[in-house]
Amino acid sequence: MKAKILALLREREDYVSGQELCQRFGVSRTAVWKAMGQLKKEGYQIEAVQNRGYRLASNRQVYGRHELESRMDTAWAGKPVCFYEELASTNLQAKLDAENGAREGTLIVADMQTAGRGRRGRSWSSPPGTNVYFTLILKPDFRVELASMVTLVMGLAVAEGIRETCGLEARIKWPNDIVVNGKKVCGILAEMSTERDFIHYVVMGVGINVARQDFPPEIAQTASCLEQECGRAVSRAEIMVNVMKAFETYYGIFRGDGSLAGLLDRYNGMLAGKDGEVRILDPKGEYRGISRGINPAGELLVEREDGTVEPVYAGEVSVRGIYGYV
Ligand code: BTN
């Protein structure tokens, strides 16, 4: 009910009478009064005026379950929201929850992580009060081979969510990162549990640098955050809701096709370094070529010097620009 009250107060931008709230939600005056008290404790500034009712007094940024739930206008992605002040890792929690029957669309969010995980066994530094750390649980019934494409769908959704929220020209650095002005602002870590051909679950972990500026020296040159890039405060809740909305739409298209065919133009339009020279860091040997965008299977098409086009599978390789990270 608290999320619904918040959504109503936000939409109305004016006083809403206690009586209307009671009638709408079928609860007593005392229940409404209690809910308002709890929302105030969470940090909301709610004015209560006799004979007029309640009003959300400021747009102070509160980040928590009710804020997220009250804004989440999706059918299933990001529902329910499980919010934690602190977790070891949202991916770890999501895996536990998925094993224990959490439904598809469940979103695990933490304000901070004490053991945030990055790709290739790296850690993902996750201080409190600054960034977005979340993991979405999926329980798809498609073939295991399609699972790697979900990362690309999430990448597209994050880029779209950042564009929508901040007006920044976010681009996708295939396959797992999102960059703004050539610097990494987001990383994606997908993990799954399978048995032969069957997928038990996929968890899509996303870390977005929103306000953090003090990056460790080894990534200081290649990382940035949204607030630095757009020069204003950015709402973590708004980003997350916009990402979920975009993900739900794109995932639906992907599921309908069973491939990325329907998302190809959009994806390649946001792909960093497209038609530019790239270095492919393959364990079997590094080579160069021109990035020609992805194919419907999510492989990166790289044109070699002799004109042949090589589809590069994400698993083992890294892609770099000729002069650096992008
Ligand atoms: C990368 O190495 O670029 C991927 C980083 C992924 C970080 C996110 S933060 C939320 C989720 N929980 C984790 O422990 N990792 C992912």
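Where does proline 80 lie? Proline 80 sits in the loop between helix H4 (65-71) and strand E3 (81-87). That loop is the subject of our opening close-up, and please keep in mind throughout that this is a predicted model.

**View A. Two cis peptide bonds lead into prolines 80 and 175.**
Look at the link from lysine 79 to proline 80: this peptide bond is cis, with omega near 0°. Now move along to the link from tryptophan 174 to proline 175, which is also cis, with omega near 0°. Proline 175 belongs to the loop between strand E6 (171-173) and strand E7 (177-180).

**View B. A ligand is surrounded by 20 residues.**
Of these, Ser89, Thr90, Arg117, Arg119 and Lys184 come nearest to the ligand. Try finding three of the contacts yourself. In the side chain of serine 89, an N or O atom is 2.8 Å from an oxygen atom of the ligand. For threonine 90, a polar side-chain atom lies 2.9 Å from a nitrogen atom of the ligand. Arginine 117 uses its backbone instead: a polar backbone atom there is 2.7 Å from a ligand oxygen atom. Taken alone, the ligand would expose 410 Å², and the protein buries 99% of that.

**View C. Helix H5 and strands E5, E8 and E9 help to build the shell around the ligand.**
Helix H5 (90-99), strand E5 (132-138), strand E8 (183-195) and strand E9 (198-208) each supply at least two residues of this shell. The largest share, four residues, comes from E8. Sorted by character, the shell has six nonpolar, ten polar and four charged residues.

**View D. Arginine 196 and aspartate 275 have positive phi angles.**
Arginine 196 is not a glycine, yet its phi is positive, at about 50°. You will find arginine 196 in the loop between E8 and E9, and its relative accessible area of 76% makes it exposed. Aspartate 275 is not a glycine either, and its phi is positive at about 65°. Aspartate 275 lies in the loop between helix H9 (264-269) and strand E10 (277-282); with a relative accessible area of 44%, aspartate 275 is partly exposed.

**View E. Cysteines 166 and 225 are both without a disulfide partner.**
A disulfide is a covalent bond between the sulfur atoms of two cysteines. A search of the whole structure finds zero of them. Cysteine 166 is in no disulfide, and its nearest cysteine sulfur, that of cysteine 230, is 4.8 Å away. Why does cysteine 225 not bond to cysteine 230? Their sulfurs are 8.5 Å apart, which is too far for a bond. Cysteine 166 counts as buried because its relative accessibility is 9%, and cysteine 225 is buried too, at 0%.

**View F. Tyrosine 63 and phenylalanine 83 meet edge-to-face.**
The structure has six aromatic pairs. In this one, the ring centres are 5.4 Å apart, with 90° between the planes. The pair links distant parts of the chain, 20 residues apart: tyrosine 63 is in the loop between strand E2 (53-56) and H4, and phenylalanine 83 is in strand E3. Both residues are buried.

**View G. Phenylalanine 247 and tyrosine 251 are stacked.**
Here the ring centres are 5.1 Å apart and the planes are at 20°, so the pair counts as stacked. Both residues lie in helix H8 (residues 236-257), four residues apart, about one turn of the helix. Phenylalanine 247 is buried, at 0% relative accessible area, and tyrosine 251 is buried at 3%. Ring pairs link Trp76, Phe142, Phe247, Tyr251 and Phe254 into a cluster.

Terms used. Residues numbered from 1 in each chain as written. Predicted model: local features only at pLDDT ≥ 70, side-chain atom pairs only at ≥ 80, totals over all residues. Heavy atoms only, no water. Near = heavy atom within 4 Å. Polar contact = N/O pair within 3.5 Å; in protein donor to acceptor, adjacent residues only side chain to side chain. Areas by Shrake-Rupley, 256 points an atom, 1.4 Å probe, with all protein chains shown as cover. Nonpolar A, V, L, I, M, F, W, Y, C, P; charged D, E, K, R; others polar. Disulfide = S-S within 2.5 Å. Buried < 20%, exposed > 50% of the residue type's maximum accessible area, 1.4 Å probe, protein only. Phe/Tyr/Trp six-rings, centres within 6.5 Å; stacked < 30°, edge-to-face > 60°.
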